[in-house]
Amino acid sequence: MIVLGSTGSIGVNTLNIAKKFNLNVEVLVAGTNIKLLNEQIKEFSPKKVVIANAKDIKEVNHNNVSFGEEAILQAIENSNAKMVVNALVGFLGLKPTLKAIECGKKVALANKESLVVAGKFIDQSNLVAIDSEHFGLWYLLQDKKIDSMVITASGGSFRDYPLEKLKNVSVKEALNHPNWSMGNKITIDSATMTNKMFELLEAKWLFNTTKLDAIIETKSLIHALINFKDGSTTAHIANASMQLPIAYAILGKVEEEILKPINLVEITSLEFRKIQEERYPIWQIKDEVLQNPDLGVVLNAANEVAVSKFLNNKIGFLDISKITLNAINKFNKPNISNLEDIFILDKEVRSFCDS
């Protein structure tokens, strides 16, 4: 397989599954964590390695190293691997998704942005999403009439913070997720609830429905629920590890234990909360974005600019959602008829949000 984003959380979990099932890893693509990459190279002996920056090539313990976006696309095209795990973060992941599909490879997709910005142009016949929420929905599907689908959110770093203190929170506080350790970008997106907006858009494309919602489940043990027309609801319950959806995406069928089962008696209780717009202002555009999914391009571009500004201490935490909502208001009727329109609009939105 090809693993894009091998040193991130999804990439590390993917390689754990590769090790468990003795799977061949032909290409590793990583960013700037060269120390971990070198450990992965030593263990998996890939034929090809791609990194983010040319200056780091000399630090990589491999004789076939290249860098940059174009090198990722070439590696996908030239590889014999039949599977691409795309765990890249951000808009950067779109072209590799498209290239992998074009090359007839199966795509295990953790790059949310691919479907968020270009869902209507992506052939899903050879694609499996490896978010735990979408995996949960897939796992629950039955041959029964569905009323609606629900995914869950942790609530992020500030789910219990006093509202009046949110404007002054630090980057360090924002990166302190209550349930697990993730990359900086997704941790901030979890805190603003933008991550859950992305996942609803993904679900819209994956399951061809807009009857979607999300709720907070504070222990992150229930990942998805399906409400059926007959009035019943089923829930997918599993320990919070990406190894289960990754294993299914890569292997297709799993018949041995990947995670320890949950002991409900030990848990004793679960808590559910409504996602409140006062705490998560981005939620006010949830229905608008689901009804006009082309807004996903605007949502993603604005959010990437805003999160970068926040992580660099240029704006406050609440400004992230303000910048995104301003962009949605400015570009509220996007006209996207082809892939090129996506890249043009992405640049326009970034320019607007930077100014």
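Glu69, Ile72, Leu73, Ile76 and Glu77 of helix α3 touch Lys95, Pro96, Lys99 and Ala100 of helix α4, where contact means heavy atoms within 4.5 Å. In this set there are five nonpolar residues, no polar ones and four charged ones. Here Ala, Val, Leu, Ile, Met, Phe, Trp, Tyr, Cys and Pro count as nonpolar, Asp, Glu, Lys and Arg as charged, and the others, Gly among them, as polar.

Before going further, please note that this is a predicted model, in which local features need pLDDT of at least 70 and side-chain atom pairs count only at pLDDT 80 or more, while totals for chains, interfaces and linings use all residues. Residues are numbered from 1 along each chain as its sequence is written, and side-chain values use heavy atoms, with hydrogens and water left out.

Two packed helices are described by the angle between their axes and the distance between the axes. For α3 (residues 69-78) and α4 (residues 94-102), the angle is about 20° and the axes are 9 Å apart. That makes α3 roughly parallel to α4, a label for angles under 35 degrees (over 145 is roughly antiparallel, 65 to 115 roughly perpendicular and the rest oblique). The axes are lines fitted to C-alpha atoms, for helices over the stretch in contact, and angles run from 0 to 180 degrees between N-to-C directions. Helices (H or I, at least four residues) and strands (E, at least two) are DSSP runs, numbered from the N terminus. The crossing of α3 and α4 is right-handed, with the near helix turned clockwise from the far one by less than a right angle; anticlockwise would be left-handed.

Now turn to another helix pair. Helix α1 (residues 9-20) packs with helix α2 (residues 34-44) at about 15°, their axes 12 Å apart. That makes α1 roughly parallel to α2, and the crossing of this pair is left-handed. Val12, Leu15, Ala18 and Lys19 of α1 make the contact with Leu36, Gln40, Glu43 and Phe44 of α2. Of these residues, five are nonpolar, one is polar and two are charged.

Next, the charged pairs. The whole structure holds 24 salt bridges, each a side-chain nitrogen of Lys or Arg within 4 Å of a carboxyl oxygen of Asp or Glu. One of them joins Glu113 to Lys185, with the closest N and O atoms 3.9 Å apart. Glu113 sits in helix α5 (residues 112-118) and Lys185 in helix α8 (residues 184-192), so this pair ties together parts that are 72 residues apart in sequence. Both Glu113 and Lys185 are buried, meaning under 20% relative accessible area (exposed is over 50%, partly exposed in between; 1.4 Å probe, protein chains only).

Asp213 and Lys286 also meet in a salt bridge, 3.5 Å from N to O. This pair links distant parts of the chain, strand β9 (residues 212-217) for Asp213 and helix α12 (residues 286-291) for Lys286, 73 residues apart. Asp213 is partly exposed at 31%, whereas Lys286 is buried at 10% relative accessibility. In the salt bridge of Asp160 with Arg159 (3.5 Å, N to O), Asp160 is exposed at 52% and Arg159 is buried at 14%. A network of salt bridges links Lys112, Asp131, Glu133, Lys196 and Glu199.

Finally, look at the loop between α13 (295-311) and α14 (317-330), where you will find Asn312. Asn312 is partly exposed, at 48% relative accessible area. Its C-alpha lies 8.5 Å from that of Val171, although Asn312 and Val171 are 141 residues apart in sequence.
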